[in-house]
Amino acid sequence: MTVSDLSSLTGITYLEAASVQYGIDFTPDELAELDKWHRKAHPWTFTLTTCNGTEEFWYFTGPAITDDPTVPELIASLVIDNHYLQEDEDITYKLGKKIEANTEKCKRLFGSYWDILMFMDEDEIAKVF
């Protein structure tokens, strides 16, 4: 996508509010499905709001990470996950469905701006969030 393509975008929105909270409200089934790494990792819940609504996202940081995660880190992770889904044929069905669900949340929240985010690297994402 180039700058000249921007005129075709509709429904662009921006982040109105964001919060991050330590912990995730797991159901017993969700907790049982966590692998060893996720059980040891720090679980976070991000809540993002735009004019299109509010969505929650789970985010995990490794046990050695001591800083709170940021919105740009979350968005970059969601973009990377989406690329991973499109490029990796060996992805599991379960993981693929989780990534698809997060991508749909992002599309609802950001409208066609999500298409622009998909072409940004981590540094560019950090500049706009």
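**Entry 1: the chain as a whole**

I began with the contacts of the protein chain, and among those with a separation of 6 or more, residues 24 or more positions apart account for 57%. I note at the outset that this is a predicted model, so I read every value below as computed from that model. I then looked up burial and surface: 34% of the 129 residues count as buried, while the accessible surface comes to about 8300 Å², with 52% of that area belonging to carbon and sulfur atoms. For the secondary structure I find six helices and three strands, and reading from the N terminus I write the order down as β-α-α-β-β-α-α-α-α.

**Entry 2: the sheet**

I traced the strands next and found an open sheet of three, ordered β1-β2-β3 and paired antiparallel. The edge strands, each pairing on one side only, are β1 (17-22) and β3. I also noted the angle between neighbouring strands of this sheet, which are turned by 20 degrees against each other on average, direction ignored.

I went through the pairings one by one. Six bridges join β1 to β2, and within that antiparallel pair I located S19, whose bridge partner in β2 is T47. On the other side, nine bridges join β2 to β3, again running antiparallel, and here I find F46 standing opposite F57 of β3. The connection between β2 and β3 is a hairpin, with two residues between the strands.

**Entry 3: helix α4**

I turned to helix α4, which covers residues 93-110, and compared its span with expectation: its 18 residues reach 26 Å from the first C-alpha to the last, close to the 26 Å expected at 1.5 Å a residue. Relative to the sheet, α4 lies across β2 and β3 and runs at about 140 degrees to β3.

I listed the buried residues of α4 as G96, I99, T103, K105, C106, L109 and F110, and I checked what they pack against, which turns out to be β2 (42-50), β3 (53-61), α3 (71-87) and α5 (113-117). Just after α4 I looked at the backbone of G111, which takes a positive phi of about 55 degrees.

**Entry 4: E55, between strand and helix**

I looked up E55, which is found in strand β3, and asked myself whether E55 counts as buried or exposed. E55 counts as buried because its relative accessibility is 17%, and the cut-off for buried is under 20%. Leaving out residues up to four places away in sequence, I find E55 touching F46, T47, L48, K105, R108 and L109. Two of these neighbours, K105 and L109, are among the buried residues of α4, while F46 is the residue I had already found opposite F57. The side chains of E55 and R108 are joined by a polar contact of 3.1 Å.

**Entry 5: E30, in the first helix**

Another glutamate I checked is E30, which lies in helix α1, residues 28-33. E30 is partly exposed because its relative accessible area is 28%, and that class lies between the 20% and 50% cut-offs. Which residues does E30 touch, not counting residues up to four places away in sequence? I find D25 and W58. I also noted that the side chain of E30 reaches the backbone nitrogen of T27 at 2.9 Å.

Definitions and conventions. Residues are numbered from 1 along each chain as its sequence is written. This is a predicted model: local features need pLDDT of at least 70, side-chain atom pairs count only at pLDDT 80 or more; totals for chains, interfaces and linings use all residues. Side-chain values use heavy atoms; hydrogens and water are left out. Helices (H or I, at least four residues) and strands (E, at least two) are DSSP runs, numbered from the N terminus. The expected span of a helix is 1.5 Å times one less than its number of residues. Buried means under 20% relative accessible area, exposed over 50%, partly exposed in between (1.4 Å probe, protein chains only). Contact means heavy atoms within 4.5 Å. Two strands pair if DSSP finds at least two bridges between them. Axes are lines fitted to C-alpha atoms, for helices over the stretch in contact, and angles run from 0 to 180 degrees between N-to-C directions. Accessible areas come from the Shrake-Rupley method with a 1.4 Å probe; for residues, only the protein chains shown count as cover. A polar contact is a pair of N or O atoms within 3.5 Å; within protein, one must be able to donate a hydrogen and the other to accept it, and residues adjacent in sequence count only if both atoms are side-chain atoms.
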